[in-house]
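Hi,

Here is the structure I promised to pass on. Have a look at it first, and my notes follow underneath.

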There are 10 protein chains.
Amino acid sequence: MQGRNREELSGIHFLGNQKTTYPVNYAPEMLETFVNKHPGRDYWVKFNCPEFTSLCPMTGQPDFGCVYISYVPDQKMVESKSLKLYLFSFRNHGDFHEDCCNIIMEDLIRLMEPKYIEVWCKFTPRGGISIDPYCNYGRPGTKYEEMAEFRFRSHDLYPEKVDNR
Amino acid sequence: MQGRNREELSGIHFLGNQKTTYPVNYAPEMLETFVNKHPGRDYWVKFNCPEFTSLCPMTGQPDFGCVYISYVPDQKMVESKSLKLYLFSFRNHGDFHEDCCNIIMEDLIRLMEPKYIEVWCKFTPRGGISIDPYCNYGRPGTKYEEMAEFRFRSHDLYPEKVDNR
Amino acid sequence: MQGRNREELSGIHFLGNQKTTYPVNYAPEMLETFVNKHPGRDYWVKFNCPEFTSLCPMTGQPDFGCVYISYVPDQKMVESKSLKLYLFSFRNHGDFHEDCCNIIMEDLIRLMEPKYIEVWCKFTPRGGISIDPYCNYGRPGTKYEEMAEFRFRSHDLYPEKVDNR
Amino acid sequence: MQGRNREELSGIHFLGNQKTTYPVNYAPEMLETFVNKHPGRDYWVKFNCPEFTSLCPMTGQPDFGCVYISYVPDQKMVESKSLKLYLFSFRNHGDFHEDCCNIIMEDLIRLMEPKYIEVWCKFTPRGGISIDPYCNYGRPGTKYEEMAEFRFRSHDLYPEKVDNR
Amino acid sequence: MQGRNREELSGIHFLGNQKTTYPVNYAPEMLETFVNKHPGRDYWVKFNCPEFTSLCPMTGQPDFGCVYISYVPDQKMVESKSLKLYLFSFRNHGDFHEDCCNIIMEDLIRLMEPKYIEVWCKFTPRGGISIDPYCNYGRPGTKYEEMAEFRFRSHDLYPEKVDNR
Amino acid sequence: MQGRNREELSGIHFLGNQKTTYPVNYAPEMLETFVNKHPGRDYWVKFNCPEFTSLCPMTGQPDFGCVYISYVPDQKMVESKSLKLYLFSFRNHGDFHEDCCNIIMEDLIRLMEPKYIEVWCKFTPRGGISIDPYCNYGRPGTKYEEMAEFRFRSHDLYPEKVDNR
Amino acid sequence: MQGRNREELSGIHFLGNQKTTYPVNYAPEMLETFVNKHPGRDYWVKFNCPEFTSLCPMTGQPDFGCVYISYVPDQKMVESKSLKLYLFSFRNHGDFHEDCCNIIMEDLIRLMEPKYIEVWCKFTPRGGISIDPYCNYGRPGTKYEEMAEFRFRSHDLYPEKVDNR
Amino acid sequence: MQGRNREELSGIHFLGNQKTTYPVNYAPEMLETFVNKHPGRDYWVKFNCPEFTSLCPMTGQPDFGCVYISYVPDQKMVESKSLKLYLFSFRNHGDFHEDCCNIIMEDLIRLMEPKYIEVWCKFTPRGGISIDPYCNYGRPGTKYEEMAEFRFRSHDLYPEKVDNR
Amino acid sequence: MQGRNREELSGIHFLGNQKTTYPVNYAPEMLETFVNKHPGRDYWVKFNCPEFTSLCPMTGQPDFGCVYISYVPDQKMVESKSLKLYLFSFRNHGDFHEDCCNIIMEDLIRLMEPKYIEVWCKFTPRGGISIDPYCNYGRPGTKYEEMAEFRFRSHDLYPEKVDNR
Amino acid sequence: MQGRNREELSGIHFLGNQKTTYPVNYAPEMLETFVNKHPGRDYWVKFNCPEFTSLCPMTGQPDFGCVYISYVPDQKMVESKSLKLYLFSFRNHGDFHEDCCNIIMEDLIRLMEPKYIEVWCKFTPRGGISIDPYCNYGRPGTKYEEMAEFRFRSHDLYPEKVDNR
Ligand SMILES: [Ca+2]
Ligand SMILES: [Ca+2]
Ligand SMILES: [Ca+2]
Ligand SMILES: [Ca+2]
Ligand SMILES: [Ca+2]
Ligand SMILES: [Ca+2]
Ligand SMILES: [Ca+2]
Ligand SMILES: [Ca+2]
Ligand SMILES: [Ca+2]
Ligand SMILES: [Ca+2]
Ligand SMILES: [Ca+2]
Ligand SMILES: [Ca+2]
Ligand SMILES: [Ca+2]
Ligand SMILES: [Ca+2]
Ligand SMILES: [Ca+2]
Ligand SMILES: [Ca+2]
C-alpha cells in the first residue's frame, strides 16, 4: 500500500533514478520539491547532513562539516535526494564556512518559500580551531519572524564539548 | 495486590493475549484505550519506540526510525501493546517520513482526544542524509493550544550529534 | 563534629537501624520526615532512584524503572532510607506505569506538604516500547502553582536517545 | 577516474539500478558477487547492518537487530546492495534469533566460498532479555580453520553494557 | 513463512502463552529447552539480562544487577521466556551475589548440558562498593575445558569505568 | 609577562605556598578573596569540585559528591586554593547532604557578597538512592534576585541519567 | 570556482602564508578581519578553541583550557588563522582564568565591533577544582544588549559532568 | 527464602550492624571473611570501589581514586562491608599512590590467602598528571602464578582516554 | 630550540608551504618521506584520517570514511602533509571501498618500505549498510610477517556499535 | 599517620615546593626519583598526561597531545611533579611528534633504569590528520625484553574512534 499516489510524487526526478549525474559546480538548480500534504498544520522537518565537504577559498584545501537544516514547510517541501545532489555541488567549490551557511539557507528560501528555516554548520578544525556558523529566517511580517528572533536569541547556550580528536 | 481492578482494565484486549494476529496493512483500528484514573491532574506520558520501520513510497526500500510520542491525557489513554500493533502495521506501508509523522499523530488525536500531543520521528540516513520530522497539537481554544505554540517555537534548539555511524 | 544534634535527628528510625524489616505490600506508612533547617530559603532536593521495580497488573511480569523525584521543601523533608523502604514496597505490587508515578507523588505530597514536587519515571521496554510518565504539583494559590505550570509546559523538549540496548 | 572498469563491474545488477523489486520472502538468490582484485593478499571486509528485522516464529511479533558480518575473501566478494536485498527478505520471515544467524552465514559461505567468515547478531530485548548469537567458519583443512577456532575461543570476553534503554 | 515447523517448536510452553503464572520462589523447574538445529557447528549464544533483582540474605534489602550468560550449545538450548521466568524467581530469594552467580550457571549446566557456559553478574553498589562475580565451565575432558581455562585467565583485563552514578 | 601585578595579588596566602596546613575541622575561615578587576561587567565564574567528601551525621560513614559552584562577582572573588582548603574541611564533618549545600552557599555569600550565587551538589548513592540538593541566591532588591527566581524555576528540567554504576 | 574574489579576501595576511612568525608575548595586534558579506542578516559564528594554554600568574605553572567564542557580526569578522595566532600569544603570558576570559572578549570587541559576543573558557583542574569563566556583551542601547542580559540569566543551567579524568 | 543459613553467615559482624564505628587510622584488622561455598570451582569476584580517598604524604592534600580489586577465592572470601571499613581507614592516612596499591593487595593476601588477586588504582590528577598503579599476585608454585605473569604482561594495552575533565 | 636541524628536514616540500596545489586526480606521487632518526628501535606511528572521501565507481555518489594507518618505520617515514594531499587525491576518484583500502596500503609500502603496515577504513552507510575493509603487511621473511599474521587473526574481535545515527 | 618517613622521601625537591622555577628549554635534568619500596614485586605505574604541548619544528605552530607513560619499576621511580616540570620543558621546543615520543622514553630509561617502559602520544589534528606514536622497551636479556616484543605485536588492535571534533 502506498501513502502517496503517482500524482502526489509527480515533481520528483532524482529519487530512485539510476542515471543520476553528479554536478561538478555549485548547482542550486538541482533542488526539487514535492507538495506538502499537511498544509493546515505547522510542523518541523530536520535534515542531518554529516557528509558535507567544500574547499577553502584561499588555500584550496578541503573542509569537512555537518550541516543541520530545519524548516517549517508552507506549500513546498525539498526532496531529500535533490538536496543531497545540491550539497554535493559544494564539493569543488571554494568558500568561507560563514558564507556557505548563508548561501545554503538563501537557496532553500528561494526554492520552498518556507514559513521558517534555520541552517547550522559544524566544521572540523583547521589550525586547532573549528568554526560553527548558524543563520535563521522567519517569513517577514508573520509570527515566524518573531519565532526566528526568539530562536536566534536562545541559540547554543550549551556549546558541545570539542576536543579535536 | 493490584492497583487496577478488573473493571478498570476492561477495555484492553491485546495486552497479555496470546493469540495476537499481527496486521499486514496500515491498521489504525488496532488502537485501544483505557481510562485515565487521574483526570484531575495534568501529567505527561511518553512512549519511546525505537523499532519503527516502513517502506519508501518510490523505491520500496525499508526505512528505519525511532518514534517519540508524548501526550497529556484527558479521559482516554492509549494502551501500549495496541500502540505496538498499530506501529507494526506501517511495516509494509509506503510513505514519506514527513507523512508518517503526521498520520501517527492524527490517528492518536482521533483515538484519545488528548489535551496535548507531539510526535517526533528520527530516521536512519538514506544517501547520507537523515530526516527527523516533528509535529504537535494542543486542543483548540484551550491553554494547551498555547502550550503547543510554545513548544513548537522552542523545538530542537540543540540538534543531537549525527555522524552516520 | 556533627552538623545536626540529636534533637534535630529525632524523628528518624530507619537510617542506621540494623533491624529493618522490609515491607511485603505497598506501604506508604514507611515514609518518615525530618525537619527542614533552612526554611527561609527555597531550595531543591532531588532523589535519583534507578532501582525501582513493580509488577504489571495484567500479566504479573516484573517492570523496572528509574524514578527521579525533585521537590522544594517547606517544613518537612523526606528521609532517604524511609523513601527506599517505601519504594521497595512496590516490589510485589501490580500497577500501570502511569499510575505508579501519580501514586508516588501523591504519597509524598501528603507526607511532606512540599511547596513544589515532581516525579519522572523512566521504564525499560516491553514489546519494544518504553513508557516515561511525568507529573508535578505546586501548592495551590502560591507562586509554586505557576512554577508547576511553567515546568509542565517546558517538560522534556529534548527526549533522550533510546535504542533498547 | 574509475578504479574499476566496466568488465570488473560486470556481474553487478542491483547497485545503481532504479527498478529494484524488493523480495517478499526469504530470498538467498538475491545475493550477487564481484571479483576480488587483490586475491594475493588476505584482508578483512566487515559489513555493519543495524537495520535488520525479522519475525518471531511463535508469536509473529517483529524482532530488530544489528548484524555484523566479517569475512576474508577468496575469489568472490558479496556486493553490498544485493546483501541489503537479501537481508530485507527476512522482513516477513519467522525464525529464532539463533537460527537466523546460522542461516545468514551458511548462505554467504555457499555464495562466496570465503576463506573465513563470521556473523554476530545483536537483537533488542523481549521480556527484558536480549539475545546475541555468533557463529564463524574457516575453510576446513586450512589455516583459516585454526583461525576460526582461535577467534571462537576469544569471542566476547568483554560483553558490552546493556541497560534496555 | 516460518523457519521452524510445529514439531521443532514442540517443547516450548511459556513463549506466547497468555496465562503465565510468575513463580514466587526460586524455581529452576521453570527452565525449558528447544532442540539445536545446527549441532554440527559450534556457535555462541549470549543473553543480556539487565533486569535481575534478588534480596540480601542478611538485611533483606533488594539487590539489582545485570546478568550476562554466554554458552556454546550441544543438543539443547534454553528458551528465553523460560529463562526470564527462572531469573524472576530470584526476586524474593536471599543470597550473596557470589552465590547467585554460581547457582545460575549450575542450573543451566544441569538443564542444557552445554559444551561451554559462562555467567557474569554486575550488581549496583551497596556502601559505595559494587560486586561483579564471574564463573565459567567447559565440559570436562574436551577442548571446551581448555577454552574455559583460557577465558578464565583472560577475564576482565579492562575493568569498565564505575563511578556509582 | 604577568597580567596581574604584585599589588593585585596581595591578599592571597595559600596559592603557591608550600607550607599549607590542611584543616581538620570545618573551617570557613580558610576562605580568601582577591579583587575583581572587571567590576563594570557582569560575568560568571564556575567551580567544578568533584572531590568533595563528608560524613553521614547518623552513621559516620563517608559520603562522596561533586559540588558545582557558580557566581557573579561584585568586588571580591574567592581564590581557588583557599576554596579547596575550605571544602577539604568537610572531610571529617558530619552533616546531611541538604545541609552541606546550604552551608557552603552561606559561607560564600558572607565572604564575597556576590551579586548572584548557586551551589549544586551531586552525591553518590546510599541504599540505591542518590541525593542532589541545589540552592541559589540573588542580592535582595536587585535584578539578581529576579535572576535567582528565574533560575530556580528552570532548575534541572533534564535530570541526568543515573544508573548507580 | 571561488565564492569570494580576490578583493573580498584582501585584508587577510596570515591565512595560507608560509612565513608565519609566532608571537612570544601577548599580541592583540595579530588579530585581522575580513568583511561580512551578509550584513543584512543577523547570524551566529562560533569558534571552538580546545588548544588554549597560558601560565598561572603566581606559580608560573601552565594552565590548559578550551575557549568557546560566539558572536553576531556587524561589518567586520575575525579571520580564524589570525585568531589562532592571537590565542597563541597567551602561551607564555601569566594571568588568572577569570582575567583571560575578559581580556579575550575585550580585544575582540575592539577589533570587530560586533553586535553581540560571548566567551566561555573551561580549564582543567588545579588542586582538584576547575574554573570556567563566562562573559558576554551586547552593543549598548540596542536589542543586543537585551539579548546579552537574557543569555547571561540563562547561562549554564545544566553544568556538564566533571570527574577530573 | 535464604540461600545461606545462619551458620554460613556466622563470621560476619559489620554487615547490617547499626553500631558501626568508623576507624580513624589505617585498620587492616577491620577485614572479615566468610566461607566460600563453591570451593571446587575457580571463579572471579571483582569489587569496584570508586569512593577511595587518602592523603599525600608530603603535602597532606587529599587524593581521590577508584580501586578495582579482582580475585579468585580459595577457602575464604572478604565480606564487602568490612572491605568498605578497611578502605575507609585510609581516609586520614598519608601515602604515595604506588604504595597504597601494594598495601591493599598485601593485606588481602594475608586475610584470604586467595589463589589469585590483582588491584588497580586510578587516581585523579595532581598538577595535570594522574597516576594509575597496578599490582597482581598468583599463589607461588601453582598455575595461578603463571596466570599472574600472563595478566601482568597483557596489562592495559588500551589506556582509557583521559582529558582531566 | 629545534629537535631537527635543516638537513634532517630537507626532503619535505609541502609542510609549511603556502603555494600547495591540490591534485585533481589520484596522485601517489605526492607522497614524501623524511628520515627515521630512531632506526635502532621498533616503534609504531598511527595516522587518524577521519576526512577521507571518494566516489562510488558505479553511481558516482560521494563516499565518506575514516582511514586509520599504522606502521612500523624502517628508514623512511611518510610526512603527514604529503599524506594529506595524497588522500585528497581520492576526492574525485571512483573505487570500491575494498579497493581503496588495498591501494592506500600498497602505495605506502612502495614509498616507505616499512617493516609493518596496516590500513583500516570505516565508511558511512549506503542503503543502511556500512563497509569497513582492513588489510595489513609484514616484510616477507622477517618476524614482521609473523606479526602481520598474528594481528590479522586477532582483528576486530569487538566490532564497534553502529546504529547509522 | 604517614606511610613514608622522612628518609624515604629524601630525594624529592619539587613536590610541595613553593619556589618552583619552570624551565624555558628542554630540561631532562629536572627529572627526580624516589626509591621503590616494593622491589620484590613487579607492578605497573601509569601516568596520564593530557596537558602536553610542543611546537612544530618547521612552522613553529603549537602542537597539543596526551602522553601515556607506563612502566615497571626496578629500584628507582620517577616523582610525578618532576615529571610535570620535565614535560613542561617541551613547551617551547620544536620537534616532530614521532621524535618527542622516543625522546621522552629515552630520558626516562636513563633516569630510572626500569624493567619495562612504554610511551604512547596522541596528538590533536593538523590538516585533518592526527598522529599517535608509540614506543616501548624491555631490559635487554631479561623476560621484560620478551614482554616488550609481545606488547609491541599486540599494540592498538582497536583504534579509538576519532572525528576531529
Ligand atoms: Ca587543525
Ligand atoms: Ca571527538
Ligand atoms: Ca545513506
Ligand atoms: Ca553517531
Ligand atoms: Ca551511532
Ligand atoms: Ca522488551
Ligand atoms: Ca541505549
Ligand atoms: Ca543501553
Ligand atoms: Ca552505595
Ligand atoms: Ca547504595
Ligand atoms: Ca551511570
Ligand atoms: Ca557511571
Ligand atoms: Ca574526561
Ligand atoms: Ca570526566
Ligand atoms: Ca544509508
Ligand atoms: Ca586539522
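One term before the rest: buried means under 20% relative accessible area, exposed means over 50%, and partly exposed is in between, with a 1.4 Å probe and protein chains only. By that yardstick F:Arg165 is buried, with a relative accessible area of 10%.

Some housekeeping: this is a predicted model, where local features need pLDDT of at least 70, side-chain atom pairs count only at pLDDT 80 or more, and totals for chains, interfaces and linings use all residues. Residues are numbered from 1 along each chain as its sequence is written, chains are lettered from A and ligands numbered from 1 in the order in which they are written, and side-chain values use heavy atoms, with hydrogens and water left out.

Now the metal sites. Donors here are N, O and S atoms within 2.8 Å of the metal (3.2 Å for Na, K and Ca), and since water is not among the atoms, sites may look incomplete. E:Asp163 (OD), E:Arg165 (O) and F:Arg165 (O) coordinate the calcium ion (ligand 12), at 2.1 to 2.8 Å. E:Arg165 lies in the segment after helix 3 (143-153) of chain E, and F:Arg165 in the segment after helix 3 (143-153) of chain F, so the pair joins two chains. (Helices are DSSP runs of H or I, at least four residues, numbered from the N terminus.) E:Arg165 is buried too, at 10% relative accessibility, and bridges the calcium ion (ligand 12) and the calcium ion (ligand 11), which are 3.0 Å apart.

Over on chain B, the calcium ion (ligand 4) has B:Asp163 (OD), B:Arg165 (O) and I:Arg165 (O) as its protein donors, 2.2 to 2.9 Å away. B:Arg165 coordinates both this ion and the calcium ion (ligand 5), 3.1 Å from each other. B:Arg165 is buried at 11%, while B:Asp163 is partly exposed at 23%.

On to the symmetry. With copies superposed by least squares on the C-alpha atoms of residues with pLDDT of at least 70 in both, a turn of 72 degrees and a shift of 0.0 Å along the axis lay chain E on chain D with an RMSD of 0.0 Å. That is the relation of a five-fold axis. E:Tyr158 is the residue of chain E that comes closest to the rotation axis, its C-alpha at 6.9 Å.

Taking contact as heavy atoms within 4.5 Å, chain E and chain I do not touch, and their nearest C-alpha atoms are 13 Å apart.

Cheers
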